[in-house]
Amino acid sequence: MRRILVVDDEEKIRAIIRKYGEFEGYDITEAKDGMEAVKLCREQNFDVIILDVMMPELDGFSTCREIRKTKNIPVIMLSARGEEYDKIHGFELGIDDYVVKPFSPKELMMRVKVVIDRNGGRDSASTNGHEIFQAEGLVIDFTGRTVTVDGKRAELSPKEYDLLFYLVRNRNIALEREKLITEVWGYDYYGDDRTLDTHIKLLRSSLGEYRKFLVTLRGVGYRFEA
């Protein structure tokens, strides 16, 4: 179940988002201000943060900056102001979307889904500046470019790293063979597409029991499920 943190000082807004979010199957956690949101993000992981701009003590921009020091979580910003400056400032901070109040709860949920799909529902956290993904005993350090299986370092070729990282960043999404080849090997690749199958086979060997996360989609391509 995908987890959403809703940060807004207006209880009615939080209640509306909770109602629609839970109807869509999301696990909703609420924070009434930025300070509480920062604390929650230090203790827990979320798939998306819906973050109000205008809040007392710590505004949405400052809250986003603080959270990004420790966690790499997609952010959808809410604001009663639609000024271009606010939008630009938000996107400069690395937010994923900007929604102006009053908003349609249904549209907001659609935007949440788009952000989750775009980011692969990322569960990666930032540790000492490193973006980390972990599923059971599989640990992937995107920044350090390392893969650890049950505490033991896996030795992968450069292209194996590229392929695994792309699959994980787009996990739970069906990826066509042509898409994988284009994104990992490049637009100008003219080699045999069996190269992809060979690298998948090598990856499965390196991942041990966690090869279960690499799912073959017959006639389509592959998907990383975790």
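Ile49 of strand 3 stands opposite Val75 in strand 4, and strand 3 (residues 48–52) and strand 4 (residues 75–79) are paired in the parallel sense over 4 bridges. Here strands (E, at least two residues) and helices (H or I, at least four) are DSSP runs numbered from the N terminus, and two strands pair if DSSP finds at least two bridges between them. This is a predicted model, in which local features need pLDDT of at least 70 and side-chain atom pairs count only at pLDDT 80 or more, while totals for chains, interfaces and linings use all residues. Residues are numbered from 1 along each chain as its sequence is written, and side-chain values use heavy atoms, with hydrogens and water left out.

**Strand 3 and its surroundings**
- Because 5 of the 5 residues of strand 3 are buried (under 20% relative accessible area, with a 1.4 Å probe and protein chains only; exposed is over 50% and partly exposed in between), the strand is largely enclosed by the rest of the structure.
- Val48, Ile50 and Asp52 are buried on one side of strand 3, and Ile49 and Leu51 are buried on the other.

**Strand 1 and its partners**
- Strand 1 (residues 3–7) runs parallel to strand 3 and is joined to it by 4 bridges, with Ile4 partnered by Val48 and Val6 standing opposite Ile50.
- Strand 1 also pairs in the parallel sense with strand 2 (residues 27–31) over 5 bridges, where Val6 stands opposite Glu30.

**Confidence**
- The protein chain averages a pLDDT (the predictor's confidence in each residue, from 0 to 100) of 87, and 91% of the residues score at least 70.
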